[in-house]
Amino acid sequence: MRILLTNDDGIEAEGLECLERIARTLTDDVWVCAPAVEQSGKGRGITLTEPLRVHRLGEKRFSVTGTPTDCVVLAINDLMPDKPDLVLSGVNRGHNIGEDVSYSGTVAGALQGMAFGIRSIALSQSLERFHDEVIAHWETAEAFAPAIISRLLEQDWAPGVVMNLNFPNRAPEQVEQVEVTTQGFRDVGEMHAVRRTDLRGRDYYWMSFRGHKQDHAEGTDLRAVEEGRISVTPLHIDLTHRASVHDLKKVLGGAPPKTVSTAA
């Protein structure tokens, strides 16, 4: 089995080192193509307005001056001799649950692998809080990921699905359960911009999150990770709301309307 690794924390990230150790329990044919610098929060962004530079760091190891999506595209189309059998993205420093998945570069790397028809998995290790001095429990992801991945690979996946694995902020001996979950949603008010002033008196803004306790629904990734369980969520990129399609077909279809509705 040939495995391609990527991430959004950058080529020098501790989580990528953890992912390499995980991958090597499954095969000795491991390729790495990761961003040269951190690309957190870039989602499925691709680089269109400037060139991409690739640096070969080893026989099967590359860094790219771009996003996780760029990395997967370049690796599969240009840098690898053949398509990989599996794409692993992560291990992210911090979980990717709830609405995180819509702007996560980690999840985006897996989604691009899926777009190439390759089974792909995103992996993230939850943190107590985001500060440089906080050390993630990488040993937790490393302890449980290989067996979970091998179990997932034994199953048939529906087309267009990626697996999103999140490991709780606990030591391995404190983790007792794994749960198949759905994507949860937080209070939208958590995200906000902090206004600050630079040394020349001009305002600038820094995106941030307000962390506050919420009662997450049972069965969601948010609830599972909060309560110390490993979360496995099958995700897909189809954003169509099927019920709304059914309802809208009652009022739209055929020749376009030419009069403005009084209800508007």
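Trainee: Which strands does helix H1 lie across, and how is H1 angled to E5?

Mentor: Keep in mind that this is a predicted model. Helix H1, residues 14-24, lies across strand E1 (2-6), strand E2 (29-35), E4, strand E5 (86-93) and strand E6 (119-125). Against E5, H1 runs at about 140°. Helix H2 (residues 68-79) packs on the sheet too, touching E1, E2, E3 and E4. The direction of H2 makes about 135° with that of E2.

Trainee: Okay, now the sheet itself. What is the order of its strands?

Mentor: General idea to start with: strands of a sheet pair through backbone hydrogen bonds, either parallel or antiparallel. Here you have an open sheet of 9 strands with mixed pairing, and the order reads E3-E4-E2-E1-E5-E6-E7-E11-E8. At the edges sit strand E3 (54-58) and strand E8 (178-180), each pairing on one side only. On average, neighbouring strands of this sheet are turned by 20° against each other, direction ignored.

Trainee: Let me zoom in on one edge. How many bridges join E3 to strand E4, and do the two run parallel or antiparallel?

Mentor: They run antiparallel, with 4 bridges joining E3 to strand E4 (residues 61-64). If you want a pair to click on, Gly58 has Arg61 in E4 as its bridge partner.

Trainee: Next, pockets. What is the volume of the second largest pocket, and which residues are closest to its centre?

Mentor: Rolling a probe the size of a water molecule over the atoms shows where empty space is left. In this model, the second largest pocket comes out at about 380 Å³. It has 16 lining residues, and the closest to its centre are Val101, Gln183, Leu235, His236 and Leu239. Helix H3 (105-115) and strand E11 (230-236) are the elements that give two or more residues to that lining. E11 gives the most, with 4 residues. Sorted by class, the lining has 8 nonpolar, 6 polar and 2 charged residues.

Trainee: And charged contacts: how many salt bridges are there in the whole structure?

Mentor: A search finds 14. One to look up is Arg186 with Asp100, whose side chains meet at 2.9 Å, N to O. That pair links distant parts of the chain, 86 residues apart: Arg186 is in the loop between E8 and strand E9 (191-197), while Asp100 is in the loop between E5 and H3.

Trainee: Last one. Where is there a cis peptide bond?

Mentor: As background, most peptide bonds are trans. The cis bond here joins Gly90 and Val91, with omega at about -15°. Val91 lies in strand E5, one of the strands that H1 lies across.

Methods: Residues numbered from 1 in each chain as written. Predicted model: local features only at pLDDT ≥ 70, side-chain atom pairs only at ≥ 80, totals over all residues. Heavy atoms only, no water. Pairing = 2+ DSSP bridges. Axes fitted to C-alpha atoms, helices over the stretch in contact; angles between N-to-C directions. Contact = heavy atoms within 4.5 Å. 1 Å grid on protein atoms, 1.4 Å probe; cavity = no way out; pocket = protein on both sides within 12 Å on 5 of 7 lines; lining within 4 Å. Points joined across faces, edges and corners; volume = space filled by probe spheres on them. Nonpolar A, V, L, I, M, F, W, Y, C, P; charged D, E, K, R; others polar. Salt bridge = Lys/Arg side-chain N within 4 Å of Asp/Glu carboxyl O.
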